[in-house]
Each structure stands twice: as structure tokens, then as C-alpha cells.
Amino acid sequence: MSLPPISDDSTLLDDGERLSIDQLRAVQLERLQQTVANAYANVPHYRKSLDDKGVHPEDIKALDDIWLLPFTEKADLRANYPFGLFAVPREQVVRLHASSGTTGKPTVVGYTAADISTWADLVARCLRAAGVRAGDIVQVAYGYGLFTGGLGAHYGAERLGCTVIPISGGQTDKQIQLLQDFGARAIMVTPSYFLSVLDELEKRGIDPATLPLEVGVFGAEPWTNAMREEIERRGQMHATDIYGLSEVMGPGVAQECVESKDGLHIWEDHFYPEIVNPLTGEPVPDGQVGELVFTSLTKQALPILRYRTRDLTKLLSGTARPSMRRMEKVTGRSDDLMIVRGVNVFPTQIEEIVLEIPGLTPYFQCVLTRPGRMDELTINVEGEQGLSQDDRARLAQQVAHTVKSRIGTTAKVNVVGPDGIERSVGKARRIIDSRSDR
């Protein structure tokens, strides 16, 4: 497979990307001390949390002293809804974003004008690392609105000097029309939805590789290298991973570099990463898998201390950006973990199995039930066009056998017909928990 060539961007790096490790650590410590002082002085929640631990801003004398600070969890944002964690007067907040709030009150984040500018700079940095260049046409198919994806991507692409198509999510017919008519070189979208776009192109007899698209910047949900390979093979384009979350900033916290595609470089001059044991909260060393924790270093409106993301990954040394550590592609979330009869199962493990078996599409859902005393896992996966009943039964048996041998749990598998699994224009809904006591 030959992918489009990408021009070298080493001459385009910004000052933060050029820092040596020693310079970066000095910048991090200075900014950490400022962030803690700002949070203590201006956010009652943090003043109380720090006082309860007997920690004060002047105690932060080295980067390892970050372990003295309290964690912040999503529940803290909800408890301080809507503006209780802001460190500036509300009148200085020029933008509000919020989560959907499907499991309670939404989590609200605010941005000063300087925060918005920093955000745009960092998304522009991500796009450059992904292979996007000034002057490119970028189709933004992340959702606009309270979700941070669309506007975060939009401002970053404009900051880089791109022409932006702000189509937002969904509208597959129009997505395809604009890809053909406007000729975007790059698209920013969730990977699961982009696969739906590829499917629709092929249904219409259009080879996706004939489009001008050369770069995809995919995020907002965990996805595997197997999905990357499928997108790159079918689209003849580069597929790179972008990472972010609204509580920390939005998209643009970390990005895969197109020349290496070996994990996401974290922009450590703005976000300090840690990995902790998700059960104990104790730090674990670089190279070991655990829960990702972030402390913001430059945010004004909503400084955040040791935010527990629930994303599971590990930290690795830098490669394409040597001073910046990498995070491995997120393998799952601690709150997306399915424990089926004592066995840990993540949707990404199921995805890898589904993608490697010919005759299946990438669309699947895991359904958890408890008909008696024991949990049961049913995997519904979509088969390709033209499969007979015998074909579907054979594929279902193959998936069940592979899940049992590789993951160690028993699952019932149903192979359904084309379009038998719901499509999502945003994050794919991989788990349906139908247990009565969940």
C-alpha cells in the first residue's frame, strides 16, 4: 500500500516543540506553580481540597510534588455546576462548552480569550503533525455546539491557515457531495463515522481512493490500529489519531505524528501527564498501563489539577517530537470495562477480532444481560452483503471461538445483515448494558 507523500514539517515547528527536555521541565515547573497558585487563590473548591490535604502552593518545589495535589474527577465538575470551578470572573469567560450530561448534570468548561487562542494554536500544532499544511481544505465533520470537537477543530484549522468546511456531523449525502465538489485534502471526524462514509461511497460505485483526501485526523473515541489499516487501505490516505477531552481543553491535547504513527505526542508544555493505578490512584512508572491523569499548565478560566480521565494507556519516550512523551493509543476506558464472569473485556478487543475476520464489517455492539445470576455477553456484528445463513452461522462461531481463546470469556455471537447495526455520526455506541441492577 502506497500512501500520499507528506512534506517535511521540521522547519515549521513552533517554539514549544523545539524545547529541549531540560528546558521543557523548567517550563512545566514554572507553569505548574502558577497554576496551583491560581487555583488556590481563585477556586474555592481547590482551596478547600488543598487545605484538607495540608498542601499549599509554596509546597510545589519540584515536578514530583504534583503527587501532593488532590485529584479532580468528573463528579467535582458536576458538584460545582455550572461555574463553580472558574478561576476568573464569569464576565471574562468568552466561551462555554459542556458535556451531554446523559449520566447527570453536564460538565461545564469555560475559556478566556487567551484560552481560545492557546487552544487554536495547539490544534494547529496537531494538524501540522498529522500532515496538514497551510492552504489545505479541511472538512470538519465533528459535531459543532456544546461539544468541543467541531469548534476546536475549526479554530485550529483556521489558525494553521487552512480553508475550513464546517459541515459538522451527519448529513452523509452532503459530506460526500462536498468531498467530491470542494476537494478537501484533510478530514476531521470520528473513525467509526468515517467508515460509514466509506461504505456509502462504495455503495455508490465511487472508489474512495479517487477523492483528493490524503489525511484523516480521527478522534473522540478509542480505535485500533486494525481500523487505521482498513481506513488507509480503502481510502489510500493517512489516518492519524488526535486526543483531547473537554475538561482539560478539548481536541488538541495530544496528536500522532504522520511520519511515525507510533502513539500520540502529548503537548507537555501545556498539559502535564501522569499514569496512575486506576484502583489505588498511586503513580505508576512510564511504560506501564494505567489511568491517564492531566494537570493543565496554561488554562486561565478553568485550571484543572490531576484530572482523572478514565482513559487507559501508558507513557512512552518521545520520537518524532523527542522532548514530548507519547501516550499509546487509548486501549479503553476504565468505565467502559466489561467484567464478564470475572474476565476483563474492552470493546477495542472485540473490534480487533471483528476486523481481522473476512466477511464481517467493522460495525458491532456488545450487549450485557443478566438473565439469571450470571452476566452474559452477546456480540451483535454486521456481516457483508450476500452472506447466506450458513455463512453467518460459520462467522458467528468463528468470532465466538476467537473471543474465547484470545480474551478468555464466552460470548453469544449474532451475525446480522447489512445495516443491522445502528450507525453513529459521533462516538460509536459499543456497549448496551441491559442488566437490571446496573
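Which elements each supply at least two residues of the lining of the largest cavity? Let's find out.

## About the model

This is a predicted model, in which local features need pLDDT of at least 70, side-chain atom pairs count only at pLDDT 80 or more, and totals for chains, interfaces and linings use all residues. Residues are numbered from 1 along each chain as its sequence is written, and side-chain values use heavy atoms, leaving out hydrogens and water.

## The largest cavity

The elements asked about are α7 (191–203) and β18 (360–369); helices (H or I, at least four residues) and strands (E, at least two) are DSSP runs, numbered from the N terminus. With three residues, β18 gives the most to this lining.

A cavity is a set of points on a 1 Å grid over the protein atoms alone where a 1.4 Å probe fits but cannot get out, and lining residues have an atom within 4 Å of a point. The structure holds three cavities of 30 Å³ or more, and the largest has a volume of about 100 Å³, where volume is the space filled by probe spheres set on the points, joined across faces, edges and corners. Its lining includes Ser192, Tyr363, Glu422 and Arg430.

## Strand β12 and its partners

Now look at strand β12 (residues 307–313), where six of the seven residues are buried (under 20% relative accessible area, 1.4 Å probe, protein chains only). Strands pair if DSSP finds at least two bridges between them.

Strand β11 (residues 290–296) pairs with β12 in the antiparallel sense over four bridges, and Glu291 stands opposite Leu312 of β12. Strand β15 (residues 332–333) also runs antiparallel to β12, joined by two bridges; here Arg333 is the bridge partner of Asp311.

Conventions. Buried means under 20% relative accessible area, exposed over 50%, partly exposed in between (1.4 Å probe, protein chains only). On a 1 Å grid over the protein atoms alone, a cavity is a set of points where a 1.4 Å probe fits but cannot get out, and a pocket is an open set with protein on both sides within 12 Å along at least five of seven lines; lining residues have an atom within 4 Å of a point.
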